[in-house]
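This report concerns one protein chain and sets out its overall dimensions, followed by selected local features. The sequence and coordinates are displayed first.

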Amino acid sequence: YACSVCPAGTFKDTHGSAACTSCRVNSFSPPMSTRMHNCTCNAGYQSPDGFLCDACPAGLYKDPAGISGCITCPLYSNSLQGSTRFEECECTLGYTLFSNASCAACAAAKYKNTHGSALCTACPASSDSAPNSTRSEDCSCNIGFDGADGQECTACRAGKFKNVTGSAQCIQCRNHSDSPPQSTHADDCTCNAGYHGLDGAVCDACPTATYKDLAATGGCVAC
């Protein structure tokens with residue numbers, strides 16, 4: 001009878017009429033292989049024990065079939081289990097693909113809530129976020145503006161101020177005082193005409209026989 005070459009993916013390590021043996025799962029061999037060790041792990045698989053081929057864990061990849069181990073994805077990127085190509089390493093949340101195929105953190109006032117090479121998204125106007133932000137809600141309104149995190153920010157109206165970042169509401173000036181729009185400190189509230197006091201403090205009416213004709217810092221003037 002005629003002898004046939006063992007096809008790829010099989011081997012035969014004995015003389016005689018025995019059939020070729022299939023390689024173990026997730027491994028492959030060239031045609032005419034003569035040993036089990038000719039079966040090497042497929043792309044995306046490695047053999048830590050030299051016997052069975054296991055899928056590369058998440059965060060690693062292996063692109064050639066062979067005896068080499070899986071390769072770790074670049075910093076701040078990840079891959080699915082069993083990945084076979086470097087391109088399957090995708091930048092994680094808060095990071096975007098940089099020019100040299102590395103992943104760079106989103107700059108302040110930007111965020112990225114998806115895996116992959118997408119660009120970071122700018123926060124809404126008049127809001128800010130820390131570098132490496134991963135959600136639109138990480139964008140919080142600047143001082144002098146109020147609004148829900150991740151939403152449009154509105155300047156504090158005249159007579160109000162806000163001295164912290166975040167979703168807190170603008171604070172009303174004390175009675176008988178006022179402030180310009182977009183005020184950022186209690187000291188921006190100055191006493192109205194006819195009232196005197198320190199900026200941001202209690203405003204008292206001018207005493208009898210005195211007056212104050214401006215909304216500003218300063219005391220009342222004698223008639």
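The text below proceeds from the whole chain to individual residues.

## Overall form

The model is predicted, not experimental. Its secondary structure consists of 26 strands and 0 helices. The C-alpha trace spans about 130 × 25 × 20 Å along the principal axes of the chain. The radius of gyration of the chain is 35 Å, whereas a compact globule of 223 residues would have a value near 17 Å.

Burial and contact statistics complete this description. Of the 223 residues in the chain, 30% are buried. Among contacts with a separation of 6 or more, 21% are between residues 24 or more positions apart. The chain exposes about 13100 Å², and carbon and sulfur atoms supply 55% of that area.

## The segment around Asn26 and Gln46

Asn26 is located in the loop between strand S2 (21–22) and strand S3 (27–28). Its relative accessible area is 25%, so Asn26 is classed as partly exposed. When residues up to four places away in sequence are not counted, Asn26 touches Cys41, Asn42, Tyr45 and Cys53. The C-alpha atoms of Asn26 and Ala43 are separated by 8.7 Å, with the two residues 17 apart along the chain.

Gln46 belongs to strand S5. Which residues are in contact with Gln46, leaving aside its neighbours within four places in sequence? They are Cys41, Leu52, Cys53, Asp54, Pro57, Ser68, Gly69 and Cys70. For Cys70, a polar atom of the Gln46 side chain lies 2.9 Å from the backbone nitrogen. Cys41 and Cys53 appear in the contact list of Asn26 and also in that of Gln46.

## A nonpolar surface patch

Leu52, one of the contacts of Gln46, is also part of a nonpolar patch on the surface, formed with Met36 and Phe51. Together these residues have about 240 Å² of accessible area. Phe51 is placed in the loop between strand S5 (45–46) and strand S6 (54–55). Its relative accessibility is 39%, and Phe51 therefore counts as partly exposed. Membership of a patch requires over 30% relative accessible area, a condition that Phe51 meets at 39%.

## Salt bridges

How many salt bridges does the chain contain by the rule applied here? The count comes to 3, and the pairs are listed below with the separation of their closest nitrogen and oxygen atoms.

| Acidic residue | Basic residue | N to O distance |
|---|---|---|
| Glu87 | Arg85 | 3.9 Å |
| Glu88 | Arg85 | 3.9 Å |
| Asp138 | Arg135 | 3.2 Å |

Shared partners join Arg85, Glu87 and Glu88 into one network of salt bridges. The rule accepts a pair within 4 Å; the Glu87 pair with Arg85 has a distance of 3.9 Å, and the Glu88 pair with Arg85 likewise has 3.9 Å.

The members of this network can also be described by their accessibility. Glu87 counts as exposed because its relative accessibility is 54%. Arg85, with a relative accessible area of 44%, is partly exposed. Glu88 is partly exposed as well, at 27%.

In the salt bridge between Asp138 and Arg135, Asp138 is partly exposed at 24% relative accessibility. Its partner Arg135 is partly exposed with a relative accessible area of 43%.

## Positive phi angles

The backbone also merits a remark. Most residues other than glycine have a negative phi. Which phi value does Tyr76 have? Its phi is near 70°, a positive value in a residue other than glycine. Tyr76 is found in the loop between strand S8 (71–72) and strand S9 (77–78). At 40% relative accessibility, Tyr76 is partly exposed.

Ser126 likewise has a positive phi, near 65°, and is a residue other than glycine. Its position is in the loop between strand S14 (121–122) and strand S15 (127–128). With a relative accessible area of 27%, Ser126 is partly exposed.

## Summary

In this predicted model, a chain with 26 strands and 0 helices has a radius of gyration of 35 Å. Its local features include the nonpolar patch of Met36, Phe51 and Leu52, the salt-bridge network of Arg85, Glu87 and Glu88, and the positive phi values of Tyr76 and Ser126.

Technical notes:
Residues are numbered from 1 along each chain as its sequence is written. This is a predicted model: local features need pLDDT of at least 70, side-chain atom pairs count only at pLDDT 80 or more; totals for chains, interfaces and linings use all residues. Side-chain values use heavy atoms; hydrogens and water are left out. Patches are made of residues with over 30% relative accessible area and no salt bridge: like charges are joined within 9 Å, nonpolar side chains (Val, Leu, Ile, Met, Phe, Trp, Tyr) within 5 Å. Accessible areas come from the Shrake-Rupley method with a 1.4 Å probe; for residues, only the protein chains shown count as cover. A salt bridge is a side-chain nitrogen of Lys or Arg within 4 Å of a carboxyl oxygen of Asp or Glu. Helices (H or I, at least four residues) and strands (E, at least two) are DSSP runs, numbered from the N terminus. Buried means under 20% relative accessible area, exposed over 50%, partly exposed in between (1.4 Å probe, protein chains only). The radius of gyration is taken over C-alpha atoms; the globule rule is 2.2 Å times the number of residues to the power 0.38. Contact means heavy atoms within 4.5 Å. A polar contact is a pair of N or O atoms within 3.5 Å; within protein, one must be able to donate a hydrogen and the other to accept it, and residues adjacent in sequence count only if both atoms are side-chain atoms.
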